[in-house]
Amino acid sequence: MARAPLQPDGSAGDIEIAVTRLSADDFAFGMSGSVYITTHPEHTLVRLEPSGARTTLAGAEQGMVGSTACAFGRAPGDEKALYVTTDGGFLIPHPGGIQDAKLVRVEVSEAGLPLNSS
């Protein structure tokens, strides 16, 4: 995963490697600059902090088998919930077997970065 800092004039700075050895399928940004990543083949949800620290927030036991997409809740009181869709391991089976596809709600410690509506 790579990143580029924003310059004072709004242009992109030099591209740098943010993290290696991480399979990312989809991601959503938190207000702190952390990135919440679905790892589809690893069946996990990972938080990558700006410092580079990684934390696995959920795995197969929490319903992440085939975790493929994620987005923060937008309704009042739902801002710190991250919603993850899964395929149940249909494409890349989990050792425990294929599960039903599902939408999983995970409480995280921050709200999502607002999307630009323009």
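These are my notebook entries on strands, pockets and a core in a predicted model.

**Entry 1: strand 5 and its neighbours**

I began with strand 5, residues 45–48. I looked up which way its side chains face. Leu45 and Arg47 point one way, while Val46 and Leu48 point the other way. I noted that all of these residues are buried.

Next I looked at the partners of strand 5. Strand 4 (35–38) runs antiparallel to strand 5, and four bridges join the two. Strand 6, residues 54–58, is also joined to strand 5 by four bridges, and this pair is antiparallel too. I wrote down one residue facing Leu45 on each side: Thr38 stands opposite Leu45, and so does Ala58 in strand 6.

Then I checked the turns. The hairpin of strand 4 and strand 5 has six residues between the strands, and His43 in this hairpin has a positive phi near 60°. The hairpin of strand 5 and strand 6 has five residues between the strands. Gly52, in the turn of that second hairpin, has a positive phi of about 100°.

**Entry 2: Thr39**

I found Thr39 in the loop between strand 4 and strand 5. Is Thr39 buried or exposed? Its relative accessibility is 2%, so I listed Thr39 as buried, the cut-off being under 20%. Leaving out residues up to four places away in sequence, Thr39 touches Leu22, Ser23, Thr44, Val46 and Ser67. Val46 is one of the strand 5 residues from my previous entry.

**Entry 3: Pro93**

I moved to the loop between strand 8 (81–86) and strand 9 (103–107), where Pro93 is found. Pro93 has 48% relative accessibility and therefore counts as partly exposed. With residues up to four places away in sequence not counted, Pro93 touches His43 and Ile98. I had already met His43 in the hairpin of strand 4 and strand 5. I also looked up Glu42, which is 51 residues from Pro93 along the chain. The C-alpha atoms of Pro93 and Glu42 are separated by 9.9 Å.

**Entry 4: the largest nonpolar core**

Which residues make up the largest nonpolar core? I listed 12 residues: Ala28, Tyr36, Leu45, Ala58, Met64, Cys70, Phe72, Leu82, Val84, Val104, Val106 and Val108. Strand 7, strand 8 and strand 9 each supply at least two residues of this core. Leu45 and Ala58, which I noted as standing opposite each other, are both in the core. I added a general remark: in soluble globular proteins, nonpolar side chains tend to be buried together.

I then took Cys70 from the core and looked up its contacts. Not counting residues up to four places away in sequence, Cys70 touches Asp26, Phe27, Ala28, Tyr36, Thr38, Leu82, Tyr83 and Val84.

**Entry 5: two pockets**

The largest pocket holds about 310 Å³ of space. It has 14 lining residues, and the closest to its centre are Phe72, Gly112, Leu113, Pro114 and Leu115. Strand 3 (26–29) and strand 7 (67–72) are the elements that give two or more residues to this lining. By class, I recorded 10 nonpolar, two polar and two charged residues in the lining of the largest pocket.

The second largest pocket has about 220 Å³ of space. Among the residues lining the second largest pocket are Met1, Phe27, Phe29, Leu48 and Gly52. Strand 1 (2–3) and strand 3 each give two or more residues to this lining. The lining of the second largest pocket divides into eight nonpolar, two polar and two charged residues. Leu48 takes me back to strand 5, and Gly52 to the turn between strand 5 and strand 6.

Key. Residues numbered from 1 in each chain as written. Predicted model: local features only at pLDDT ≥ 70, side-chain atom pairs only at ≥ 80, totals over all residues. Heavy atoms only, no water. Buried < 20%, exposed > 50% of the residue type's maximum accessible area, 1.4 Å probe, protein only. Contact = heavy atoms within 4.5 Å. Pairing = 2+ DSSP bridges. 1 Å grid on protein atoms, 1.4 Å probe; cavity = no way out; pocket = protein on both sides within 12 Å on 5 of 7 lines; lining within 4 Å. Points joined across faces, edges and corners; volume = space filled by probe spheres on them. Nonpolar A, V, L, I, M, F, W, Y, C, P; charged D, E, K, R; others polar. Core = buried A, V, L, I, M, F, W, Y, C linked by side-chain atoms within 4.5 Å.
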